[in-house]
Structure formats: C-alpha cells, structure tokens
Amino acid sequence: MESIALKRSIFEKDFLAGIEQNQFVLYYQIQVTDNAQAIGAEALLRWQHPHHGMMLPGDFIQLAEETRAVLPLTQWIIEAVCNQLAQWSNQPEFSHLVIAINISPQQFRQHDFVDQVLSIVRKAGINPQRLKLELTEHSLIRNMDEMVDKMSALRHAGISFSLDDFGTGFSSLSYLKRLPLDQLKIDQSFVRDVLTDPNDAAIAKAIITLAESLELGVLAEGVETKEQRDFLVKSGCHAYQGYLFSKPLPLESFEALVRKKFSV
Ligand code: C2E
Ligand code: MG
Ligand code: MG
C-alpha cells in the first residue's frame, strides 16, 4: 500500500512538473466524410517525457485521473484546443473544423466542469460550435441526472457531444434516449473485424441504424482499409477516422495534411 501511495505521489509531481514545463502536446487525427472532406479532428494527448520519451495516453491517463493531476490536465487540454481553434478561426482552410476532446469520467465529474469549460471558451473567444466533447459510457453510469444537466448546459452554449467507444460499455438504450448527445462513435474493435466477423458487422450496422433512429450523427473510428470504409458507406455511415486517412499528427503535419488533401 505504502509503495503504491509513494509511486502515485512521485507520478503526480512528475506530471504536474510536465504540465508546467510544457512537456504535453496534442496530436490531431483527421475526421473525414465519404468524399474525403475534412470535417474535424480528434485531439489526442502525448507526453514528451524527458526520461521516458514519447508517452501515449494509455501509459499515464489512468494514473493522472487517480491523482489530483486530473484538474490541471483538464484545464490544460481545453485551453490548448480552444487557443488552437481561435488561431484557426480566421484561416478559411481550418475555420470549419470541429475539434473533439476526450473527457474522462473523473474530469466530467468535477463539480465546476461546466463553468471551467465555458470560461475557457469565452476567454479564447471561439465559436463553441467548433468544440466537441467525447464522453464514454462510463462517465454516465453514475448520477445520470447530474450528467444530463451538465451536458444540457454545455449544449445550450453550442458545444456538441459524442459518445466514444460506443458499444463497449453498458450501452443501455433507455439511458441513450435520455442523453443530450449529437453523435455516436462506433468503437474500433467492431470496425477492425467488420469484414470477417459477422457479429461485428451486425453490431456496426445496428449502431448506425440506432443513431439514425435517434437522430444522432455516427462516426466510425479505427478505419484502416478501403474495404472497411466501403462496408460502412453501404451501411449508412458517412464519417470516419482512422489510419486509412491519417495517423494522429503533430500540429504542423496536421495542418499540412488539411491544406494538401482535404481542403474544401
Ligand atoms: P480514443 O478516444 O478511442 O482514441 C482513439 C485511439 O485509437 C487513439 O489512440 C488513436 O491513435 C487510435 N487510432 C486511431 N485510428 C486508428 C486506427 O485506424 N487503428 C488503430 N489500431 N488505432 C487507431 P491514443 O492516442 O493512444 O489514445 C488512446 C485513448 O486515450 C483514447 O482513446 C482516449 O480514450 C484516451 N485519450 C487520448 N487523449 C486524451 C485526452 O486528452 N484526455 C483524456 N482524458 N483521454 C485521452
Ligand atoms: Mg476519443
Ligand atoms: Mg474511441
């Protein structure tokens, strides 16, 4: 127990120092329509650790969430994305992009989350419609009413919501009906074997139909091949993200990609 506590406290110090010393960066992964137009991107966190090199969220997000580091992390990510949106707002090739941020259950449960987001959005002076928050089903299990209230307040301001990793959690249909969502994201685990596993194909199709009937948008993540994309198009999904289009990229490379290939 003591050694776990010690590890946490060392991690927390390291993490907070990382934020102060600008060791965190956002990578952007493009999201496209079926005629290959860029509609937005997902911002994905990377930690350029001075000793451990480039770290992926899988290596540190969970620990960050279990410590007080989650508070400044939330602040940093939202500020970084809003400042980027402000810079893009007067550049026609980027001003239409909607940027999605991953919000963990711990982040979303912070009591002042709504005020925190709205004050950053106001300070950056951005159009809130350019900002999308990705939640997972795990965020919504507890205190459903409180979560719905928070989502409604943010949506009222123009911010949209996507349900990430859809189909991997509890996926309760009665919950889904109550949530003020804009989009379902088909999890990459279903997309991966969509051509070889009839169950995954059926699930992907069912999610698309469900989104349609609830009047929600739907985006497939983890699309790696043209064949997977073609299957999704035929099934009625018209927005995608995945290595077929691009890996997550650092800012300059992402901007170059949007300029070159996907300009509208
Ligand atoms: P996610 O939100 O489901 O993000 C998608 C993950 O799939 C990303 O991994 C991305 O690099 C990867 N991916 C994208 N396209 C493909 C593909 O075609 N094939 C395969 N095999 N993988 C693909 P990443 O960046 O390592 O992020 C992992 C998870 O970490 C994210 O899953 C998200 O839950 C979390 N995460 C990332 N950034 C943040 C953040 O800023 N805040 C919080 N709270 N969580 C974050
Ligand atoms: Mg995500
Ligand atoms: Mg996902």
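What share of the 264 residues in the protein chain is buried? Buried residues make up 49% of them. Keep in mind that this is a predicted model.

**Figure 1. The whole protein chain, with its 12 helices and 10 strands.** The radius of gyration comes out at 18 Å, close to the 18 Å that the globule rule gives for 264 residues, so the chain is as compact as a globular protein of that length. Measured out along the principal axes, the C-alpha atoms fill a box of roughly 50 × 40 × 35 Å. Look at who touches whom, too: among contacts with a separation of 6 or more, 67% are between residues 24 or more positions apart.

**Figure 2. The surface of the protein chain and its charges.** About 13,000 Å² of the protein chain is accessible surface, and carbon and sulfur atoms own 51% of that. As for charge, there are 25 positive and 33 negative side chains. The centres of these two sets lie 2 Å apart.

**Figure 3. The magnesium ion (ligand 2) and the residues that hold out donors to it.** Four residues of the protein supply the donors: E42 (OE), N102 (OD1), E134 (OE) and D164 (OD). These donors sit 2.0 to 2.2 Å from the magnesium ion (ligand 2). Along the sequence, the spacing of the donor residues reads E-x59-N-x31-E-x29-D. N102 belongs to strand β4 (residues 98-102) and E134 to strand β5 (residues 131-136), so this pair ties together parts that are 32 residues apart in sequence. How covered are the two by the protein? N102 is partly exposed, at a relative accessible area of 26%, while E134 counts as buried, at 2% relative accessibility.

**Figure 4. D164 as a bridge between two magnesium ions.** Here D164 turns up again, this time with a second partner in view: D164 bridges the magnesium ion (ligand 2) and the magnesium ion (ligand 3). The two ions lie 4.0 Å apart.

**Figure 5. V117 and its surroundings, in helix α5 (residues 113-124).** Is V117 buried or exposed? With a relative accessibility of 0%, V117 counts as buried. Setting aside neighbours within four places in sequence, V117 is in contact with I78, L131, L154 and I159. Take I78 from that list: I78 and V117 are 39 residues apart along the chain, yet their C-alpha atoms are separated by 7.0 Å.

Definitions and conventions:
Residues are numbered from 1 along each chain as its sequence is written. Chains are lettered from A and ligands numbered from 1 in the order in which they are written. This is a predicted model: local features need pLDDT of at least 70, side-chain atom pairs count only at pLDDT 80 or more; totals for chains, interfaces and linings use all residues. Side-chain values use heavy atoms; hydrogens and water are left out. Helices (H or I, at least four residues) and strands (E, at least two) are DSSP runs, numbered from the N terminus. The radius of gyration is taken over C-alpha atoms; the globule rule is 2.2 Å times the number of residues to the power 0.38. Buried means under 20% relative accessible area, exposed over 50%, partly exposed in between (1.4 Å probe, protein chains only). Contact means heavy atoms within 4.5 Å. Accessible areas come from the Shrake-Rupley method with a 1.4 Å probe; for residues, only the protein chains shown count as cover. Lys and Arg count as positive and Asp and Glu as negative; His and the chain ends are not counted. The place of a charge is taken as NZ of Lys, CZ of Arg, CG of Asp or CD of Glu. Donors are N, O and S atoms within 2.8 Å of the metal (3.2 Å for Na, K and Ca); water is not among the atoms, so sites may look incomplete.
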